[in-house]
Structure formats: C-alpha cells, structure tokens
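Trainee: Could you take a close look at one part of this structure with me? I would love to see how you reason from one spot to the next.

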Amino acid sequence: KANEKFWAVAIRGGGGPVLVRRHDQHGKITSDAGTLNGHKGPVTDTEWNPFNSNVLYTASDDTTVKIWQIPEEGLTGKMTEPVGTLSGHQKTVTLLRAHPTANNVLASAGKKPCVKLWDVEKCDDKLTLDDFGGFVQDMNFNYNGSLLVTTSKDKKTKVWDVRSNKVVSEAQCHDGAKASKALFLGRREQLLTV
C-alpha cells in the first residue's frame, strides 16, 4: 500500500519484515534496504494513517497490530521497535482499515471471526464486532465512517453501525469459493460487491 510519501510491502523473512520506501527512491532494492522488523510472524496487511503520512500500521500472524513512526527521510536501516502494539486478537490479524474521518481509529479483522475497533493513541480495544459465521474476508468504512461493511466466509455481507455495534443490513453475498469483497460507492448509499 502507498500514501503520498511512501509505499510499503511485506517481504519474506524473520520478524515479518516490511519494506518501506519513499516514492523518490529509485533503482534496485538492496539487502540493506530499510525495513520494519517487529513482528514474530509474517505480516498479512498494512495500512497508512490518513491523517499522518508517517504512521504505518502492520497486521501479523503473531495476533498483533504494530504502530510504526516512519522518519521523514524514510528508513535507512532496520527498525525493530514500534511506537505501539495493539493486542487482543486470538488468531492471525488479516485486515486493517483506517477510519476515514477520525484520527487514530483503526479497524482490524482476524481469523477468529471478529472485527476490533481501536483507539490507536491509547492502544485500546474500544469495540468488538463478532457476529460472523466465518472469518472476515473484507471490510471498508463508508465515506464518513459511521458504517462498516464486512464480508465473511459464510458468504454474508453485513453493514454495521459502528457506534451502536448493530447490524443494520445483511444480505447473502456471491456464491463460489473465492473471497467476496465489498465497498461503499462514495457518498451514495450503495455498495459494490464482487
């Protein structure tokens, strides 16, 4: 994933390394390139904070989400100490989504079927959505962050009011073995699913 300054991608290796580069860094990536190495398992997803371009969240097989402060000049070596850790999932954390209008609010989904909403600043689990018939395959906030759409392995698409922890709409998603994806279509009260 990328923002206006950096891009990040998980790579193979011990500590769940994530390569982080500035957009103006060109050329071959060498073995001493700047990486984040703070997890005990592979990194499964990354998400940039939309309010602070230097903050990156990483999700991992080790059941945690790490919060990283990337220096303005980018990474010049290996960074092993995150500025925070979000702990509370019982199995692999698979997805991350930053809230579009509230700074330091993050949603994370795990293989134990639940979605957690975090106060990132306090590293505190504020809400857990757990009415799923299988692990969550996708999730996205609407434009103002009042609703969250999820798809899960049981082929159900649910729209959650994240303030009340209630499902406001539910539908059967697409048939087939592939994961279903869903997102809100801008300010319209419509969803796109594939």
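Mentor: Let's begin with Cys114, which counts as buried because its relative accessibility is 7%, under the cut-off of 20%. Keep in mind as we go that this is a predicted model.

With a cysteine, a natural thing to ask about is bonding. A disulfide is a covalent bond between the sulfur atoms of two cysteines. How many disulfides does the structure hold? The number is zero, and Cys114 is accordingly in no disulfide, with the nearest cysteine sulfur, that of Cys123, 17 Å away. To count as a disulfide, two cysteine sulfur atoms have to be within 2.5 Å. Cys173 gives us a similar story: its closest cysteine sulfur is the one in Cys114, and at 20 Å this is too far for a bond. Cys173 is also buried, because its relative accessibility is 10%.

Now follow the chain to Cys123, which sits in the loop between strand E11 (114-119) and strand E12 (124-129). Cys123 counts as partly exposed, because its relative accessibility is 31%. Its backbone deserves a glance too: phi is positive, about 55 degrees, although Cys123 is not a glycine. Asn165 makes a nice companion, with a positive phi of about 60 degrees, and it is not a glycine either. You will find Asn165 in the loop between strand E15 (156-161) and strand E16 (166-172). At 32% relative accessibility, Asn165 counts as partly exposed.

Let's turn to a charged side chain next. Is Glu47 buried or exposed? Glu47 is buried, because its relative accessible area is 13%, and it belongs to strand E4, which covers residues 43-48. Look at what its side chain reaches. There is a polar contact with the side chain of Lys1, at 2.9 Å, and the backbone nitrogen of Ala98 is reached at 3.2 Å. Not counting residues up to four places away in sequence, Glu47 touches several residues, including Val55, Leu56, Tyr57, Leu96 and Leu106.

Two of those partners lead us on to Ala8, in strand E1 (residues 6-10). Among the contacts of Ala8 beyond four places in sequence are Lys1 and Leu56, along with Thr46 and Trp48. Take Ala8 and Leu56 as an example of how folding brings residues together: they are 48 residues apart in sequence, while their C-alpha atoms are 8.6 Å apart in space. Ala8 is buried, because its relative accessible area is 4%.

Trp48 then carries us to Ser53, since Trp48 is among the contacts of Ser53, together with Asn3, Glu4, Lys5 and Phe6. Ser53 lies in the loop between E4 and strand E5 (55-60). Loop residues can be buried too: Ser53 has a relative accessible area of 14%, so it falls in that class.

Finally, let's look for empty space. Rolling a probe the size of a water molecule over the atoms shows where empty space is left. The largest pocket has a volume of about 160 Å³. Its lining includes Asn142, Tyr143, Leu147 and Phe184, as well as the run from Gly186 to Leu191. By type, the lining residues are four nonpolar, three polar and three charged.

Technical notes
Residues are numbered from 1 along each chain as its sequence is written. This is a predicted model: local features need pLDDT of at least 70, side-chain atom pairs count only at pLDDT 80 or more; totals for chains, interfaces and linings use all residues. Side-chain values use heavy atoms; hydrogens and water are left out. Helices (H or I, at least four residues) and strands (E, at least two) are DSSP runs, numbered from the N terminus. Buried means under 20% relative accessible area, exposed over 50%, partly exposed in between (1.4 Å probe, protein chains only). A polar contact is a pair of N or O atoms within 3.5 Å; within protein, one must be able to donate a hydrogen and the other to accept it, and residues adjacent in sequence count only if both atoms are side-chain atoms. Contact means heavy atoms within 4.5 Å. On a 1 Å grid over the protein atoms alone, a cavity is a set of points where a 1.4 Å probe fits but cannot get out, and a pocket is an open set with protein on both sides within 12 Å along at least five of seven lines; lining residues have an atom within 4 Å of a point. Grid points are joined across faces, edges and corners, and a volume is the space filled by probe spheres set on the points. Ala, Val, Leu, Ile, Met, Phe, Trp, Tyr, Cys and Pro count as nonpolar, Asp, Glu, Lys and Arg as charged, and the others, Gly among them, as polar.
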